[in-house]
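Let's take a walk through this structure together, one spot at a time. Have the sequence and the 3D view at hand as you read.

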Amino acid sequence: MRESVGRCPVSHTDYRLATPPAGHYAFLDREREESRFLWNDGADTGFWMLTRYDDVLQGFQNPETFTNDITSALNPQRGIDLLPQRLGGEEHAKLRRVINPYFSPTAVRRMERFAVDRCAELVEELAPRGACDFVARFALRYPTDVFLVSLGLPPSDGEFFVPWVEDVFGGFFGGAQNKARAASDRIMDYFADLVAERRARPLDPREDLVSRLVEARIDEEPMPDRDILTVCMTLLLAGLDTTRSALGYMFWHLARHDEDRRALIADPGLIPAAVEEFIRLYPLVIQAGREVSRQVDIDGLTMEAGDVVWLGIGSANRDPRKFPDPDRFVLGRKGVNQHLGFGAGRHRCLGMHLARVELAIVLREWHARIPDYRIAPDADLVERGGQLTLTSLPLEWDL
Ligand code: HEM
């Protein structure tokens, strides 16, 4: 195997593989300190890695050179169509203008009442049990319910949505492709019924996303059904796995750091800052992939048109050049909201306000009912690769 390409060291790390919790951050930290740029040959297609904060930010801010023809360096073939991710330039801006109002801070407030009530209900069901797998019993369930209700759908449909989304994600990063394809077909069929229903009986387009998509005009043309379905599918895939994963890391941290948990219980006003610091410290989307559109040189690293680039969110968020003492959870850290956990530039996360609100609600409502808990002593924790998540988190507490 080659050990350098030009002046670039080669990383053989396969970021799709599972590790113990935080195992991927250890790889990322090591590689960022080894070199500003690396060539990675650990996945099926080789790619350039930008590992440090300033370069990663520049990459996000330069979409003409680093295009969204690819969005994951680990999966550049992209089995599943995503909207608005795959669009660039004006086309992307026009679609974002249609969807953005539904995910603005003001719009998200309209989901808050349900989100608080549902969270309280789920935690109250769990509290008398004294133990649960936090991922299976709560983190997978809660964001799904909020998402379904935000689309005007019954939360009970989460029963079948959760396994479908699991199968699709499994397929993204090397798991069974036929299962993933079957699950994405089922999701598309489900949304096809929803779109047909809204076409027949539209709801208020200011309140209901699908009704809005159905009546939206882009360049005076209605959106094709296929695009509406793809937007719904994208929101589901982009919103559910990320939020449940963020919850897993937050509770993995808090179960092991009594002082941080107690600080949040003593002063819930600290919760929004805590959410931001959690997203910085435990980025789950560890990379955004991009395709190079023309030959480009960054301080001696020459990339050719068609090359794949890894914008290293996971290594940038823990770059000591940007965030002093980066591996520590620091409540009230200065400049924390400059983290790249939600990306940056024009593809910055559409659902970040919703995610922040959901995560803050869970921190408040869970700790009001179950303030002390620990990781079960026999727990065997695994971190999925690709887009990081803890596959289970057995917690226990005294009754
Ligand atoms: C903690 C939770 C979340 C994290 C860490 C997260 C992270 C990210 C990141 C890093 C990107 C940029 C990807 C890139 O530039 O290629 C992104 C984009 C996106 N996110 Fe999120 N996300 C979260 C929650 C959500 C939720 C709840 C939704 C939907 C309801 C959502 C929908 C989207 C969409 C649609 C995009 C693509 C935006 C575009 O291309 O214009 N995300 N997210």
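Which helices each supply at least two residues of the lining of the second largest cavity? Keep in mind as you look that this is a predicted model. The answer is helix H6 (141-150), helix H7 (158-172) and H10. The cavity they help to line has a volume of about 70 Å³, and the count of cavities of 30 Å³ or more comes to four. Rolling a probe the size of a water molecule over the atoms is what shows where empty space is left.

Who sits around that second largest cavity? The lining includes Ala 139, Leu 140, Pro 143 and Thr 144, along with Val 162, Val 165 and Glu 166, and also Leu 240, Asp 241 and Arg 244. Sort the lining by class and you get six nonpolar residues, one polar and three charged.

Now follow H10 over to the ligand. This helix, spanning 225-256, is one of the elements that each supply at least two residues of the shell there, next to helix H3 (89-99), strand S9 (288-292) and helix H14 (352-369). H10 gives the largest share, five residues. There are 27 residues around the ligand, and His 92, Arg 96, Arg 290, His 347 and Cys 349 come nearest. By class, the shell has 15 nonpolar, nine polar and three charged residues.

Zoom in on a few of those neighbours. Arg 96 has a side-chain N or O atom 2.7 Å from an oxygen atom of the ligand. For Arg 290, the distance from a side-chain N or O atom to a ligand oxygen is 2.7 Å, and for His 347 such a pair is also 2.7 Å apart. Cys 349 plays another part: its SG atom, at 2.3 Å, is the only protein donor of the ligand's iron atom. To find Cys 349, look in the loop between helix H13 (313-316) and H14.

That loop between H13 and H14 also holds Asp 325. Phi of Asp 325 is near 50°, a positive value in a residue other than glycine, and Asp 325 is partly exposed, with a relative accessible area of 44%. Asp 219 likewise has a positive phi near 50°. Asp 219 is in the loop between strand S7 (217-218) and strand S8 (221-222), and counts as exposed because its relative accessible area is 55%.

One last stop is the backbone at Leu 83 and Pro 84, joined by a cis peptide bond with omega of about 10°. Pro 84 lies in the loop between strand S5 (66-67) and H3.

Note on methods
Residues are numbered from 1 along each chain as its sequence is written. This is a predicted model: local features need pLDDT of at least 70, side-chain atom pairs count only at pLDDT 80 or more; totals for chains, interfaces and linings use all residues. Side-chain values use heavy atoms; hydrogens and water are left out. A residue is near a molecule or strand if one of its heavy atoms lies within 4 Å of it. A polar contact is a pair of N or O atoms within 3.5 Å; within protein, one must be able to donate a hydrogen and the other to accept it, and residues adjacent in sequence count only if both atoms are side-chain atoms. Helices (H or I, at least four residues) and strands (E, at least two) are DSSP runs, numbered from the N terminus. Ala, Val, Leu, Ile, Met, Phe, Trp, Tyr, Cys and Pro count as nonpolar, Asp, Glu, Lys and Arg as charged, and the others, Gly among them, as polar. Donors are N, O and S atoms within 2.8 Å of the metal (3.2 Å for Na, K and Ca); water is not among the atoms, so sites may look incomplete. On a 1 Å grid over the protein atoms alone, a cavity is a set of points where a 1.4 Å probe fits but cannot get out, and a pocket is an open set with protein on both sides within 12 Å along at least five of seven lines; lining residues have an atom within 4 Å of a point. Grid points are joined across faces, edges and corners, and a volume is the space filled by probe spheres set on the points. Buried means under 20% relative accessible area, exposed over 50%, partly exposed in between (1.4 Å probe, protein chains only).
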